[in-house]
Amino acid sequence: MIRRPPRSTLFPYTTLFRSELTLTTFFPRWFIEDEREIEEWFEVEMPGADTKPLFDRAGQLGVGFCLGYAELSTDDDGIKHRYNTQILVEKDGSVVGKYRKVHVPGHETNEPDRPFQHAERYYFEPGPDGFDVWDAFGGTLGMAICNDRRWPETYRVMGLKGVELILIGYNTPLHYEPDPQQNALAGFHNHLVMQSGAYQNGTFVVGVAKGGIEEGIDSLAQSAIYAPSGQIVAQCITTGDEIAVATLDLDFCGYYKNTLFDFDRYRQPQHYGIIAQQHGGQE
Ligand code: ING
């Protein structure tokens with residue numbers, strides 16, 4: 001077997017990754033009825049006038065980046081669609097790909113009895129494109145957003161496409177109104193799902209929080225970088241502005257993709273059909 005040289009020596013990439021809805025406050029915590037006011041939170045082009053300087057600077061510095069924003073997209077029939085979107089930008093400032101959040105949590109209508117809203121399903125449609133992967137930064141990269149990270153299907157679809165690094169931005173309030181007993185487990189559940197997703201698919205995962213207090217609401221921080229072993233490579237430890245840094249050798253994925261999680265050798269998809277065919281769980 002011809003072994004390609006380790007890419008970490010061939011493609012030293014510096015990349016910067018920001019979180020979900022990076023460019024605005026997490027506005028789904030409010031219930032806004034005026035359409036014009038709602039649309040003020042959305043970008044109609046990326047890069048646009050306000051964000052082009054960021055793309056230009058990235059290109060000058062040779063730093064790729066990934067960031068989340070609210071996207072207002074108009075289709076060929078002139079119909080407007082609102083997505084919770086994340087964009088991947090190469091180190092020359094060019095757009096590699098765009099991901100639109102598939103798993104949209106929270107509620108569709110105003111729930112004034114809540115201490116704050118989580119009305120993502122009022123503001124955003126589920127992404128229509130599913131989970132894709134792209135050649136970028138010297139490897140095979142994928143993206144997911146916040147609630148996506150809690151669903152194993154998110155990682156497995158990209159795992160089957162050969163993903164080596166998944167970038168996931170999140171805004172996770174520390175208070176979960178439907179079941180507050182989960183509040184104390186927010187950090188545990190955060191690492192649990194990304195460590196599992198990384199390990200079970202032989203991929204690196206980077207989870208980046210917009211954490212701490214925003215508009216009076218306290219959200220989980222604990223941004224971290226996870227190895228295909230499931231280990232935490234680097235983690236933020238405060239709720240302030242912080243940078244976690246790590247050097248990732250994407251060839252490390254092979255230690256898991258070519259052994260325990262050699263999908264072609266060990267998976268038994270003839271028994272998995274129900275996962276894609278059945279929507280809800282049975283009593
Ligand atoms: N946030 C949440 C998430 O899955 C949520 C939904 C809210 C979970 C509050 C727990 C507590 O992390 C987003 N934006 O998907």
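Just after helix H5, Gly 162 takes a positive phi of about 85 degrees. The model here is a predicted one, and H5 itself, spanning residues 152–160, is a good place to start looking around. Its buried residues are Thr 154, Tyr 155, Met 158 and Gly 159. These four cover an arc of only 125 degrees around the axis, so they sit on the same side of H5.

Next comes the ligand. There are 14 residues around the ligand, and those that come nearest are Glu 120, Cys 146, Asn 147, Arg 150 and Thr 172. As for character, this shell splits into 5 nonpolar, 4 polar and 5 charged residues. Several polar atoms can be picked out one by one. Arg 150 has a polar side-chain atom 2.7 Å from an oxygen atom of the ligand. Glu 20 also takes part through its side chain, with a polar atom 3.3 Å from a ligand nitrogen. With Asn 171 it is the backbone that matters: one of its polar backbone atoms is 3.1 Å from a nitrogen atom of the ligand. And how much of the ligand does the protein cover? On its own the ligand has 370 Å² of accessible area, and the protein covers 92% of that.

Cys 146, one of the residues that come nearest to the ligand, also turns up when cysteines are checked for pairing. A disulfide is a covalent bond between the sulfur atoms of two cysteines. The structure holds 0 of them. Why does Cys 66 not form such a bond? The closest cysteine sulfur to that of Cys 66 is the one in Cys 146, and it is 14 Å away, which is too far for a bond; a disulfide would need the two sulfur atoms within 2.5 Å. Both cysteines are tucked away from the surface, though. Cys 66 counts as buried because its relative accessibility is 1%, and Cys 146 counts as buried too, because its value is 5%.

Finally, there is a charged residue to visit, Arg 114. This arginine lies in the loop between strand E4 (95–100) and helix H4 (120–123). Is Arg 114 buried or exposed? Its relative accessible area is 16%, so Arg 114 is buried, given that the cut-off for buried is under 20%. What does its side chain meet there? Polar contacts link it to two other side chains: one of 2.7 Å joins Arg 114 and Glu 111, and one of 3.3 Å joins Arg 114 and His 107.

Terms used. Residues numbered from 1 in each chain as written. Predicted model: local features only at pLDDT ≥ 70, side-chain atom pairs only at ≥ 80, totals over all residues. Heavy atoms only, no water. Near = heavy atom within 4 Å. Polar contact = N/O pair within 3.5 Å; in protein donor to acceptor, adjacent residues only side chain to side chain. Areas by Shrake-Rupley, 256 points an atom, 1.4 Å probe, with all protein chains shown as cover. Nonpolar A, V, L, I, M, F, W, Y, C, P; charged D, E, K, R; others polar. Buried < 20%, exposed > 50% of the residue type's maximum accessible area, 1.4 Å probe, protein only. Helix = DSSP H or I, 4+ residues; strand = E, 2+ residues; numbered from the N terminus. Arc of directions from axis to C-beta.
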